[in-house]
Amino acid sequence: MKTFYATLFAISTAISGIAQENLNKLDSLITSGHFKEMSSVVIAHKGKIIFENYYNDATAATLHNTRSATKSITGTLIGALINDGKLSSTQEPAWKYTQVKNLQNPDPRKEKITIESLLTMSSILECDDWNDISRGQEEKMYLLEDWVKFYWDLPVKGYPEWETKPEDSPYGRDFSYCTAGTVALGDVINTISGSLETYAETALFSKLGITDYHWQLTPTGIPMTGGGLGIKSKDLIKIGQLYLNNGNWKGEQIISSAFAKASKEPKAVMGSPDYEYGYLWWIGEFGKDKKETGYFMLGNGGNKIAVFDDLELVVVLTSSLFTKGIEAHNQTAELLNTFIIPEIQKIN
């Protein structure tokens, strides 16, 4: 632990004893434009940054719009609330902490939606960002002023005979990617803490030495916890390292250890591609000849902050390929599969 904090920002340019061929090739292919619109690659192994480079006018000072990777940081604040004794557990009902009134679709079952349901994208409300006709699809939320009320106004989803019911799904949950649910989770954090923005600063960012960042705000003035946080690549490394250390930073437990461990354990299955989901962290395998299981923050454009506990590895890949959908995600997956994971496996 001590070595990590002493060396995290001492970048090794020689990477003594490491065969660098893959990393050099990675750098060359990004620079040549083969991998499009990449803005940074930062790799920390055993607490030491062994590779760091910026592309397409980005620098170490750039605040990257990592889109939905923000969601994992929102989950981190729930872990901080539990660690601070401000929240008893993820099983508490989320409705308990909202001020929303006069629902369009009142239903007593909404009062039983837990914080864990929001963390795992598995609540009973009809919300699916990947389905354009879904009542809760995020583009419809952006047309309104009150995004929290948008979520709680949604109807309860139905399950026709041909659909798999939650109780018949892996882990007993029906995964449905829902940005509005993470916005509602931000409202929970804001209510419990008194100010999400202040709490994020005092309970998380300042403790990690993160001093320069930018929240996008919702129309009602609350930080947008579903996406868009602007943050530096080296600060994203710190978030990943916090989870690799099970919530501990410089000897201080910042988020509950139990919560950190639960966050990176499968809680739901998303389908295709073959990923699972924890507490606002994706879980999957990367590598070429030998696969490594990791958990990662994921954002539109191909943004990935991936952590591999067994390799003691944190990788930050930022990209602004926002209009290419799955192609952008496949691009950064290839960087992990073909170049980064095989190289770190050589070191180990």
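Leaving aside neighbours within four places in sequence, Ile-43 is in contact with Leu-23, Lys-48, Ile-49, Ile-50, Phe-51, Leu-313, Val-314, Val-315, Ile-340 and Ile-344. These contacts come from a predicted model. Ile-43 also has a place in the largest nonpolar core, a group of 107 residues. Together with Ile-78 and Trp-152, Ile-43 is among the residues with the most contacts inside that core.

A good next stop is helix 7, which covers residues 179-193. With 15 residues at 1.5 Å a residue, this helix should span 21 Å, and its end C-alpha atoms are indeed 21 Å apart, so the expected and modelled values agree. Helix 7 is mostly covered, with twelve of its 15 residues buried. The buried residues include an unbroken run of names from Thr-179, Ala-180 and Gly-181 through Thr-182, Val-183, Ala-184, Leu-185, Gly-186, Asp-187, Val-188 and Ile-189, and Ile-192 is buried as well. What lies over them? Part of the cover comes from helix 3 (70-83), helix 4 (115-119), helix 5 (138-141), helix 6 (147-152) and helix 8 (196-208). Just after helix 7, the backbone at Gly-194 takes a positive phi of about 95°.

The strands come next, beginning with an open sheet of three strands in the order 3-5-4, paired in the antiparallel sense. Strand 3 (64-65) and strand 4 (213-214) stand at the edges of this sheet, and because each has a single partner strand, one side of each is left without a neighbour in the sheet. Strand 4 is joined to strand 5 (residues 230-231) by two bridges. One pairing to look for is that of His-214 with Gly-230, its bridge partner in strand 5. In general, strands of a sheet pair through backbone hydrogen bonds, in either a parallel or an antiparallel way.

Another set of antiparallel strands centres on strand 11 (residues 291-299). Seven of the nine residues of strand 11 are buried, so this strand is largely enclosed by the rest of the structure. Strand 11 pairs with strand 10 (residues 282-287) through six antiparallel bridges, and Ile-283 has Tyr-295 as its bridge partner in strand 11. The two strands are linked by a hairpin of three residues. Strand 11 also pairs with strand 12 (residues 303-308), again in the antiparallel sense, over five bridges. Here Phe-296 has Ala-306 as its bridge partner in strand 12. A hairpin with three residues between the strands connects strand 11 and strand 12, and Gly-301 in its turn has a positive phi of about 100°.

Helix 11 (residues 326-347) brings the tour to two polar residues. Asn-337 is found in this helix, and its side chain reaches the backbone nitrogen of Gly-287 at 2.9 Å. Beyond its neighbours up to four places away in sequence, Asn-337 touches Glu-285, Phe-286, Gly-287, Lys-288, Lys-291 and Pro-342. Glu-334 lies in helix 11 too. Is Glu-334 buried or partly exposed? At 34% relative accessibility, Glu-334 counts as partly exposed, because buried means under 20% and exposed means over 50%. Glu-334 touches Phe-35 and Phe-339, again not counting residues up to four places away in sequence. Glu-334 and Phe-286 are 48 residues apart in sequence, while their C-alpha atoms are 8.7 Å apart in space.

Note on methods. Residues are numbered from 1 along each chain as its sequence is written. This is a predicted model: local features need pLDDT of at least 70, side-chain atom pairs count only at pLDDT 80 or more; totals for chains, interfaces and linings use all residues. Side-chain values use heavy atoms; hydrogens and water are left out. Helices (H or I, at least four residues) and strands (E, at least two) are DSSP runs, numbered from the N terminus. Buried means under 20% relative accessible area, exposed over 50%, partly exposed in between (1.4 Å probe, protein chains only). Contact means heavy atoms within 4.5 Å. The expected span of a helix is 1.5 Å times one less than its number of residues. Two strands pair if DSSP finds at least two bridges between them. A nonpolar core is a set of buried Ala, Val, Leu, Ile, Met, Phe, Trp, Tyr and Cys residues joined through side-chain atoms within 4.5 Å. A polar contact is a pair of N or O atoms within 3.5 Å; within protein, one must be able to donate a hydrogen and the other to accept it, and residues adjacent in sequence count only if both atoms are side-chain atoms.
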